[in-house]
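Open your viewer and get ready to make a few selections. We will go stop by stop, with something to look at each time.

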Amino acid sequence: MEKKGILCFVVALLGIISAGAGFAAEVTRVKASQVTLELGECVYPRSPALVLSLISAATLLMGQIIINFSTGCFCCKRNNAQSHSSNWTKALCFYIVSWITFMTAIGLLLTGAALNDRRGEQVYKDGGIYCYVIKPGVFAVGAVLSALSSIFGVFYYQTLNSKAKDASNAPIPNQGGIVMAQPQFPSENPGFVNGDAYNKRQFN
C-alpha cells in the first residue's frame, strides 16, 4: 500500500475511534435520574463520559494534525495556475468544511466533558433545589462532526494530491532547446564555378 493510502487509512481510523468514543460518551453521560440529593447538595455518580470525550477529542486532533502536516501550508501552494483549477477549488472547500467541523466538534466534546463532571452544584429556585446535568445530544453531535471532519480531511488531502500529481505529469514546453532552421543563404553547387572566378584563377 502506498504512502497516500496508508495516511488516508490512519486518518479514517482515527475518525472512527473519535466518533465511537463520542457516541460512547453520549451513552454513559450523567442523566437526571442518576443524580441524588443528600443534605441539600447534588450528588453525581461517576461516569466514564469524561475520559471517553477526551479520547474522542484527542484522536480527532491527531487526525487533523496528520492531514495538515502531510499537505503542508495550503495557502503557500496557491498560484495563478491553481487558482483557476476546479481541483484547487474543491480542495479549498474541503479544507474549510474540515476545519469548521473540527472546531465545532472539539468545542462540543470538551464542553460536554466539563459539564458532565460537575460536582456539588445546585440552584435554589422557587423553594426547590435543581441540579445541573448536561443536555442529551451534545456528545452525539460532537461525534458526528468529528466523523465528518475526518471524511472531509481525507477528501481535502486526496484532492490536493491529485492536483499536484497532474501538475507533475504535465508536458513541459520547449523553452531553449535546439531550433532547427533553414540556412539563410542557399548553398552553391561545388561542381559549378563562376566564369569570372575561373578567369581570375587563371591570371593568378
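The tour starts with the whole chain and then moves through cores, surface and single residues.

This is a predicted model, in which local features need pLDDT of at least 70 and side-chain atom pairs count only at pLDDT 80 or more, while totals for chains, interfaces and linings use all residues. Residues are numbered from 1 along each chain as its sequence is written, and side-chain values use heavy atoms, with hydrogens and water left out.

**Stop 1: the whole chain.** Switch on the cartoon and you will find 6 helices and 4 strands. These are DSSP runs numbered from the N terminus: helices are H or I with at least four residues, strands are E with at least two. Walking along the sequence, the pattern reads α-β-β-α-α-α-β-β-α-α. Of the 204 residues, 29% count as buried; buried means under 20% relative accessible area, exposed over 50%, and partly exposed in between (1.4 Å probe, protein chains only). Now show the surface: the chain exposes about 13600 Å², and carbon and sulfur atoms supply 64% of that. Accessible areas come from the Shrake-Rupley method with a 1.4 Å probe, and for residues only the protein chains shown count as cover.

**Stop 2: the annotated spans.** Colour residues 48–71, 92–116 and 136–157, which an unreviewed UniProt entry annotates as "transmembrane region". Such annotations may be inferred rather than shown by experiment; their positions are given in the numbering used here, and feature names are shortened. Residues 92–116 are 100% helix and 0% strand, with end C-alpha atoms 36 Å apart. For residues 136–157, helix makes up 91% and strand 0%, and the end C-alpha atoms lie 34 Å apart.

**Stop 3: the cores.** Select A25, A49, L52, A57, L60, F102, A105, I106, L109, I134, F139 and L145 as sticks: these 12 residues are the largest nonpolar core. A nonpolar core is a set of buried Ala, Val, Leu, Ile, Met, Phe, Trp, Tyr and Cys residues joined through side-chain atoms within 4.5 Å. Helix 2, helix 4 (86–116) and helix 5 (138–168) each supply at least two of its residues. Another core lies apart from it, with 9 residues, among them C8, A91, Y156 and L160. Then centre on A25: leaving aside residues up to four places away in sequence, A25 touches A49, L52, S53 and F139, where contact means heavy atoms within 4.5 Å.

**Stop 4: a nonpolar patch.** Back on the surface, pick I6, F9, V10, L13, I17, V51 and I55, a nonpolar patch with about 580 Å² of accessible area together. Nonpolar patches here join side chains of Val, Leu, Ile, Met, Phe, Trp and Tyr within 5 Å, using residues with over 30% relative accessible area and no salt bridge. Helix 1 (3–28) and helix 2 (49–71) each give two or more residues to the patch. Helix 1 gives the most, with 5 residues, while V51 is found in helix 2.

**Stop 5: the salt bridge.** How many salt bridges does the structure hold? There is 1, a side-chain nitrogen of Lys or Arg within 4 Å of a carboxyl oxygen of Asp or Glu. Zoom in on R29 and E26, whose side chains meet at 3.3 Å, N to O; both residues are buried.

**Stop 6: two last residues.** Select Y130 in strand 4 (residues 128–131). Y130 is partly exposed, at 46% relative accessible area. Finish with L115 in helix 4, which is partly exposed at 33% relative accessibility.

Note on methods
Patch = residues over 30% accessible without salt bridge, like charges linked within 9 Å, V, L, I, M, F, W, Y side chains within 5 Å.
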